[in-house]
Amino acid sequence: MSVFAFVIPGQALQTAVQLPEAPERFVGQIAGASSLNHLCVFLTSPFPEGYGCTLHLGLPGKDFQLIGAANQPSLSTTKLGAQKSSQRAPRLAMPILWSRQSLPYALALFIITGWLTLRSYTTSRDAELAFLSDADSFKPDSNKSPSGVGGGPNTPARPLLRPNKAAPASGSDPFLSTAPNPEALYEALVPTLQDMVHRVIPSYRDSLALETKRCPITHRQSNPDQVTGDGRWWATATVAELGAARSKLAADVVEALGFTADLEGPRDDKPRSMKTKLSTAAWKELFGKGGNGGRGLVFTAGNKDTANRLLTSLRILRKHLGCTLPAEVWGFASEIESMGDARTQIEELGGVTFHAVAQHPKGEAIRRSSFTSVLYLDSDNVAIRDPSFLFDTPLFKEHGVVLWPDYNKDGAANPIWRLTGAPCNATEWQVESGQLLINKLARGGLNLAALIMAEAMQRHPDFWFKISGGDKDTFRYAFKFLEIPYSPAPHWVAAAGALIPTFEGHRFCGHSMIQFGLSPAEWADTETDPDYEPPLAHAPPLFVHANLLKHSGYNNQRGSTFDYIKAANPDLTSVTNSRVMKDVRARVYNHRGMCADIWDSSSEANEGVGLQVEGAYDVGHVIIFDFGESSGGLLRNFEERYFSEGGVAGAW
C-alpha cells in the first residue's frame with residue numbers, strides 16, 4: 001500500500017512504494033528530474049493522530065536531503081508559482097533543491113514518524129541530523145500504529161536509506177557479547193515452555209473451523225504432495241498424540257540446556273533452582289566459544305556427490321566473490337571419510353574445517369558450530385554476491401535471525417496451529433532453509449533455545465516432518481512455539497531454469513531457487529551494467545539454490561541450463577503482500593526428473609490454454625525473463641562460472 005502520491009508536471013499521478021524491510025518508509029522515482037521546478041505531494045489517506053512525515057530528495061550517487069516535513073490534518077505548505085492548495089486532499093508543494101544538470105531521475109523518500117519528534121531548525125541540514133537522532137529513539141504508541149506502515153512498541157528504528165551505499169558495517173553485532181547467565185535464560189525460557197505444554201489443543205474440527213476463517217485460501221498455495229501425503233494424518237492426529245510430542249519437545253530443550261524444571265506441573269514462580277547442570281565451559285560452548293565465536297559459514301555435506309557440489313560453491317565464494325568468512329563442514333563421520341579428493345580440494349581453499357554430527361545434520365551443525373553468528377548454506381546453494389554483509393544488515397540485527405521464503409504456505413488444516421496456538425497467517429510463507437542467518441546470543445540466548453528445539457524436531461522426523469514437510473520449517477515452528485518473532489527476508493523466491501520445447505507447449509522447468517538480498521540499498525555495491533536502473537523497492541539476487549538441479553535429467557548441458565527466471569512481478573514480491581500474492585501458485589512436477597513451475601492463477605491469458613503454455617505469463621503477476629540479462633547483467637556469467645568450477649546437473 002501507499003499513503004503518498006505525487007504530481008510531476010506533464011506526467012501521470014504516481015504513488016510511492018512501501019519498502020518491505022522498512023514499512024515506515026515510502027520511495028518514489030522522479031523521472032526527468034533536471035526539468036522540474038517543484039514537486040506536489042498528496043496524502044492518499046490521513047495520518048493517525050500524533051504522526052507526520054518527512055520528505056527527502058536524493059540524486060544518483062548522493063545522499064538524501066531533507067526538504068520538508070508535514071503533519072495532519074494541516075500540512076506545512078510552500079506554494080510555488082501557480083501551485084494552489086487543494087481543498088480535497090492535503091498536499092505539500094516542495095521546491096527542487098538541485099542545480100540544473102542532466103539528471104535521469106531522482107528519488108523521493110517519505111518517512112512516517114511521530115510528529116512531536118519534528119522541531120524547527122535553522123537549516124535543513126540541522127533538521128536532518130536532529131530528525132535522525134530523534135527518530136532513533138522514537139517508540140510509537142502501540143494503540144496508534146499507522147495501518148499498513150508498521151509501528152508498535154517494538155518497532156526498531158531503521159537507518160535512513162541512502163541511494164549511494166548499503167547500510168554501513170558496524171563491526172559488531174548488537175547482541176550479548178558473552179554467554180548469558182543460566183538463571184537469566186531459565187527465567188526467560190522455562191515459563192514459556194510451561195505455557196506451551198499446558199496450552200489447550202483443540203480438536204481437528206474446531207481448529208479447522210477457526211483457522212479456515214483466518215486462512216480461507218492458503219490451501220491453494222500449499223504443497224499438494226504434503227497435503228496429499230500427510231493430510232489424512234492431520235485429520236486423525238489425536239489431542240493426546242499431539243500433546244505427548246509437544247511435551248517431549250519442550251523437555252528436550254530443557255535437558256539440552258541442563259535445566260531442571262517440572263514442565264507438566266503448575267507454574268512455579270519461584271523454582272528451587274534455575275542453574276544448569278552443565279559445566280561452565282560446556283555452557284559457554286553452546287553459544288560459540290562463549291559468545292566470542294565470531295561469524296562464519298556452516299555447510300552440511302555427506303557423500304562424494306554433495307562434497308563435489310560443496311566444492312563448487314566454495315570455489316565460487318573464495319575465488320570469484322572474495323568471501324573470506326571461515327567455514328565449517330558438518331556430516332556423518334563415515335561420509336566425511338568417503339569424500340576422497342573432494343575433501344582435500346575443499347581444505348586447500350583455506351579457512352575450512354570438517355566436523356562430525358551424531359544425528360540429523362542441519363540443526364545439529366548450526367547449533368554445535370563454533371560460530372556465534374552463523375550463515376548456514378546447503379551444499380548446492382551458490383552465492384551470487386559475497387554474503388558477508390548480511391551480518392551487518394538492520395534486518396538481521398532486528399531479531400538476530402533471518403529466514404528466506406519457500407514457494408508454499410501452510411494451510412488451515414496443518415496441525416501446527418493446534419500445537420502452537422498461533423493463528424494461521426495468510427501472508428506468511430513457509431521457509432526454505434537452503435540459507436539461514438542466526439545469532440545464538442540474540443534475545444538473551446532464546447535464539448539458541450529455538451535452534452535446540454528445531455534440532456529436537458529433526459531428531460523425530462516420523463512425527464514432525466509430517467507437519468513441516470522436512471527440516472526447513474522446523475526452524476520457523478520453533479520460533480512460534482517460543483512466541484518470539486523472526487525476520488522474514490522481504491522478497492518472495494523466484495525460479496531459475498529453462499523451457500522444455502517438446503513437453504506441454506514449452507513448459508518451464510525450474511531447477512533452482514533464486515533468493516534475494518535484504519535491502520534495495522545493496523544495489524549500490526553490486527556490479528551491474530552502467531545504464532541499468534535498479535528497482536527502488538527490491539533487493540538484488542543473492543543466492544542460486546540449485547535444489548532440484550541434482551534431480552534433473554533434462555537441463556544438464558552447459559549453455560542451456562540457466563536460461564530463464566520466473567518470478568512474481570518484482571514490484572509486488574514483498575512476502576507480506578497478500579492482495580496480489582494470493583493468486584501466485586508454485587508446483588513441483590516430474591519430467592525426466594523434478595521441475596518447479598510458477599504461475600498466476602488469475603491471469604486472463606491462462607483461460608482456455610492451460611496453465612503451462614509459454615506466453616501465458618506475459619499477463620498477470622508472474623513474469624518470465626532472460627536469466628543472464630536480468631538484474632543489469634549480474635547473472636550473465638553465472639552459468640559459465642558454475643560449470644567451470646565443477647558444477648554438474650543430474651548427479652543425484
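Two strands pair if DSSP finds at least two bridges between them. By this rule, the predicted model contains an open sheet of seven strands. The strand order is S12-S11-S10-S13-S16-S15-S17, and the pairing is mixed. Strand S12 (352-356) and strand S17 (487-488) are the edge strands. Each of these two pairs on one side only. Inside the sheet, S15 and S16 run antiparallel and are joined by four bridges. Leu403 stands opposite Leu436 in S16. In general, strands of a sheet pair through backbone hydrogen bonds, either parallel or antiparallel.

A second antiparallel pairing lies later in the chain, between strand S22 (residues 584-590) and strand S23 (residues 594-600). Seven bridges join these two strands. One of the paired positions is Tyr589, whose bridge partner in S23 is Cys595. S22 and S23 form a hairpin, with three residues between the strands. In the turn, Arg592 has a positive phi of about 55°.

Charged side chains were examined next. The count comes to 25 salt bridges. One of them joins Asp252 and Arg459, whose closest N and O atoms are 3.8 Å apart. This pair links distant parts of the chain, with the two positions 207 residues apart in numbering. Asp252 belongs to helix H5 (residues 239-256). Arg459 sits in the loop between helix H13 (446-458) and helix H14 (461-468). Asp252 is buried, with a relative accessible area of 8%, whereas Arg459 is partly exposed, at 29%.

Another salt bridge is local. Arg368 and Glu364 meet with an N to O distance of 2.7 Å. Both lie in helix H10 (residues 361-368). Because they are four residues apart in this helix, about one helical turn separates them. Arg368 is partly exposed, with a relative accessible area of 37%. Glu364 is buried, with a value of 4%; the cut-off for buried is under 20%.

Asp406 and Lys472 form a further salt bridge, with the closest N and O atoms 3.2 Å apart. This pair, too, links distant parts of the chain, 66 residues apart. Asp406 lies in the loop between strand S15 (401-405) and helix H12 (416-420), and Lys472 lies in helix H15 (residues 472-481). Both residues are buried. Asp406 and Lys472 also belong to a network of salt bridges that share partners. Its other members are Asp410, Glu428, Asp473, Arg476 and Lys480.

Aromatic rings form pairs as well. A search of the whole structure finds 18 aromatic pairs. In one of them, the ring centres of Tyr186 and Phe259 are 5.1 Å apart. The ring planes meet at 75°, so this pair is edge-to-face. Tyr186 lies in helix H2 (residues 182-198), and Phe259 lies in the loop between H5 and helix H6 (280-285). The two residues are 73 apart and link distant parts of the chain. Tyr186 counts as buried at 5% relative accessibility. Phe259 counts as buried at 5% too.

Phe638 and Tyr642 give a contrasting geometry. Their ring centres are 6.2 Å apart and their planes are at 15°, so the pair is stacked. Both residues lie in helix H17 (residues 638-644). They are separated by about one helical turn because they are four residues apart in H17. Phe638 and Tyr642 are both buried. Ring pairs link these two residues with Phe562, Phe627 and Phe643 into a cluster.

Some rings also carry a charge over the face. Arg343 lies over the face of Phe354, at 4.6 Å from the ring centre. Lys409 lies over the face of Trp429, also at 4.6 Å from the ring centre.

The second largest pocket holds about 1200 Å³ of space. Its lining contains 46 residues. Lys362, Asp378, His545, Asn547 and Lys550 lie nearest its centre. Several elements give two or more residues to this lining, among them helix H7 (304-320), strand S13 (373-378) and strand S16 (431-439). H10, H14, S22 and S23 do so too. The largest share, four residues, comes from H4. The pocket lining thus draws on elements described above, including S13 and S16 and the hairpin strands S22 and S23.

Notes. Residues numbered from 1 in each chain as written. Predicted model: local features only at pLDDT ≥ 70, side-chain atom pairs only at ≥ 80, totals over all residues. Heavy atoms only, no water. Salt bridge = Lys/Arg side-chain N within 4 Å of Asp/Glu carboxyl O. Buried < 20%, exposed > 50% of the residue type's maximum accessible area, 1.4 Å probe, protein only. Phe/Tyr/Trp six-rings, centres within 6.5 Å; stacked < 30°, edge-to-face > 60°. Lys NZ or Arg CZ within 6 Å of the ring centre and 35° of its normal. 1 Å grid on protein atoms, 1.4 Å probe; cavity = no way out; pocket = protein on both sides within 12 Å on 5 of 7 lines; lining within 4 Å. Points joined across faces, edges and corners; volume = space filled by probe spheres on them.
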